[in-house]
2 protein chains.
Amino acid sequence: MISSAPQALKPRKRPQQRRASATVDAIFEATIQLLVKDGLSQLTTTRVAERAGVSVGTMYQYFPHKQALIYAVNERYLDRLAERVEATCREWQGNPAGDMVEALIDTYWHTKTEKPDVTRALYRSVVEMDNEALISAFAVRTDAAITAMLASASDNDGSDARSNTRTLVTVIFGAVRNSFERGHSGEVAEDLRRQLVIMCRAYLDRHGR
Amino acid sequence: MISSAPQALKPRKRPQQRRASATVDAIFEATIQLLVKDGLSQLTTTRVAERAGVSVGTMYQYFPHKQALIYAVNERYLDRLAERVEATCREWQGNPAGDMVEALIDTYWHTKTEKPDVTRALYRSVVEMDNEALISAFAVRTDAAITAMLASASDNDGSDARSNTRTLVTVIFGAVRNSFERGHSGEVAEDLRRQLVIMCRAYLDRHGR
DNA sequence: CCATGATATGAAGAATTATTCAGTTTGAGG
DNA sequence: CCTCAAACTGAATAATTCTTCATATCATGG
């Protein structure tokens, strides 16, 4: 997935030599660390450069401004998330819908809770930077993957596919995120995950469709 | 519900005379308008004062800093939301759980979509200001109200009340918010609302509990 | 109608921070 | 080893914005 950021947010140039690649990586890493530690409002270009071990000028060679830097960091992050969801969807093609849903919940749950502070910090920065377009792009990709997966379900009866898929997607992504933001963990989180699976299965198995 | 903000975010003083009340109201209103129009990053104390028709100094008589102002605006807003959820919960005491859930979904859906831009703008400002404690407080209040309501359900079989309630709350609030953020509206939103009700009812009616 | 505390004013001060650019260093290919 | 473009440097600039405070006006109860 190639960066197709809006003109104003595009990187200035891509690194060509090896040391330049290392520089850009260091800048990304420093940015994430600072977002986690102090949040966007405390993140200054000088501090990013400092922590990355380069000078401000260097940062400005690759990113025309702070906004573009944050955008790039989040684009890379969400890209990787989307890839994982797509992989799960490919993997479960042709299985019963209930199992698909369970796998999807597990995958998404994992991506959120693996590095909770990074998840939180980056999400927050997206909101602050008004970059929700990145989240939409993520949703478009995952929606497509999930729709394709569910269409291939061995027990697919073909009725109301659009509505059912939309409902499942909205509920699963919404509930997992909400659970995450409520700080559920351990026993509680595990129970909720199970209950969510039960609920989705009950929805799929309902009679009065 | 009296303001019990952390020391650092408390208003400097409450208005005593009538004209002071009007001033504070104007400041609140101006703040919300600016948040909706330009977002927090463009909101300066000068602009708030300007739009409220007072001078900066006046604003600083009531709020020690910008942070406290935003905090107060959101506190007032979430307070009102919580009251509406609590009202619904009181109203449906003793009914069947399925109907309660439906009523809850309707109420929450309404509060979100009534003034979508205000909802979005204020939520965003909470995130940017790192005031998630306000959202927790909101959750604590609504959780308590919903727990009490469900405990009174005419068809309550008493099993796993804690887990069931937590699941329903997390799913409903999460899904409604996610639907809202995805920009669902019209037909699509209405269908999703119905499906969400169906899903929750299916969960409540499931056999293998 | 007067005294006093409440309320309002807004120019000035202090601090922070994004961004540039003229100049230096590095590395890869010939 | 030489050349040239790529990469890097960081002090200086320019702009923005929060917050204060000395001063002025208002409203209310005695």
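## Contacts with DNA strand C

A base nitrogen of DNA strand C sits 3.4 Å from a polar backbone atom of Gly57(B), a distance taken, like every other value in this report, from a predicted model. The elements that contribute two or more residues to the surface near this strand are α3 (56–62) of chain A, together with α1 (18–38) and α3 (56–62) of chain B. Among these elements, α3(B) supplies the largest share of the surface near DNA strand C, namely four residues.

Two further polar pairs can be located in the structure. A phosphate oxygen of DNA strand C is 2.9 Å from a polar backbone atom of Gln16(B), while a base oxygen of the strand is 3.5 Å from an N or O atom in the side chain of Arg19(A).

## The surroundings of the strand

In total, 23 residues surround DNA strand C, and the closest of them are Tyr60(A), Gln16(B), Thr23(B), Ser55(B) and Thr58(B). On the side of the DNA, sugar and phosphate make up 71% of the atoms of strand C that come within 4 Å of the protein. When the residues of the surface near DNA strand C are sorted by character, twelve are polar, six are nonpolar and five are charged.

## A buried leucine in chain B

Leu9(B) belongs to the segment that precedes α1 of chain B. Is this residue buried or exposed? Leu9(B) has a relative accessible area of 10%, and it therefore counts as buried, since the cut-off for that word is under 20%.

The neighbours of Leu9(B) include residues from distant parts of the sequence: Leu9(B) and Tyr71(B) are 62 residues apart along the chain, yet their C-alpha atoms are 6.9 Å apart in space. Leaving aside residues up to four places away in sequence, Leu9(B) touches His65(B), Gln67(B), Ala68(B), Tyr71(B) and Asn131(B).

## How the two protein chains are related

Which turn and which shift lay chain B on chain A? A turn of 180°, with a shift of 0.1 Å along the axis, brings chain B onto chain A with an RMSD of 0.0 Å, and this is the relation of a two-fold axis. The same surface serves both copies, in that 100% of the contact residues of chain B recur in chain A.

To find the axis in the structure, a reader can start from Gly174(B), which comes closest to the rotation axis of the residues of chain B, with its C-alpha atom at 2.1 Å.

Definitions and conventions. Residues numbered from 1 in each chain as written. Chains lettered and ligands numbered in written order. Predicted model: local features only at pLDDT ≥ 70, side-chain atom pairs only at ≥ 80, totals over all residues. Heavy atoms only, no water. Near = heavy atom within 4 Å. Polar contact = N/O pair within 3.5 Å; in protein donor to acceptor, adjacent residues only side chain to side chain. Nonpolar A, V, L, I, M, F, W, Y, C, P; charged D, E, K, R; others polar. Buried < 20%, exposed > 50% of the residue type's maximum accessible area, 1.4 Å probe, protein only. Contact = heavy atoms within 4.5 Å. Least-squares fit on C-alpha atoms with pLDDT ≥ 70 in both.
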